[in-house]
Amino acid sequence: MSTIKDVMSAMKEVLLLTDKVDRTGAALSEISGELREHDRRLIRLETIVEIAKNQLPHSSREILP
């Protein structure tokens, strides 16, 4: 009887672990999407800075890093 109890306990642990892995995977997918969005925003900001630097007179460009 204790063997069956041990097997049932192990199966319960496996199911709980599977659920935790699924939730972690979903959280990682969400974080990945947010990271991609931040990357896109950063690229847009870099583009704006580059355009602004190119529109400055030549002497002012030397001051900016």
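## A helical chain and its salt-bridge network

The protein chain has an accessible surface of about 6200 Å², and 64% of that surface belongs to carbon and sulfur atoms. Keep in mind as you look around that this is a predicted model.

Let us start with the overall picture. The secondary structure of the protein chain consists of two helices and zero strands. How much of the chain is buried? Of its 65 residues, 0% fall into the buried class. Buried here means a relative accessible area under 20%, while exposed means over 50%, and partly exposed covers what lies in between.

**A nonpolar patch**

A good place to begin is the surface patch made by Ile4, Val7, Met8 and Met11. This patch is nonpolar and comes to about 410 Å². One of its members, valine 7, is found in helix H1, which covers residues 2–55. Valine 7 has a relative accessibility of 43%, so it counts as partly exposed.

**Salt bridges around glutamate 37**

Further along, charged side chains come into view. The count for the model is four salt bridges. Among them are the three listed here, each with its N to O distance.

| Partners | Distance (N to O) |
|---|---|
| Glutamate 37 and arginine 40 | 3.7 Å |
| Glutamate 37 and arginine 41 | 3.5 Å |
| Glutamate 37 and arginine 44 | 3.7 Å |

How far apart in helix H1 are glutamate 37 and arginine 40? They are three residues apart, so about one helical turn separates them. Arginine 41 and glutamate 37 also both lie in helix H1, four residues apart, and that spacing is again about one turn of the helix.

What about the exposure of these side chains' residues? Glutamate 37 is partly exposed, because its relative accessibility is 30%. Arginine 40, with a relative accessible area of 45%, is partly exposed, and arginine 41 belongs to that class with 46%. Arginine 44 has 48% relative accessibility and therefore counts as partly exposed. Which residues do the shared salt bridges join into one network? Glu37, Arg40, Arg41 and Arg44 are linked in this way, through salt bridges that share partners.

**Putting it together**

If you are finding your way around the model, two spots are worth a visit. One is the nonpolar patch with Ile4, Val7, Met8 and Met11. The other is the network of Glu37, Arg40, Arg41 and Arg44, where glutamate 37 meets arginine 40, arginine 41 and arginine 44 in salt bridges.

Key
Residues numbered from 1 in each chain as written. Predicted model: local features only at pLDDT ≥ 70, side-chain atom pairs only at ≥ 80, totals over all residues. Heavy atoms only, no water. Buried < 20%, exposed > 50% of the residue type's maximum accessible area, 1.4 Å probe, protein only. Areas by Shrake-Rupley, 256 points an atom, 1.4 Å probe, with all protein chains shown as cover. Patch = residues over 30% accessible without salt bridge, like charges linked within 9 Å, V, L, I, M, F, W, Y side chains within 5 Å.
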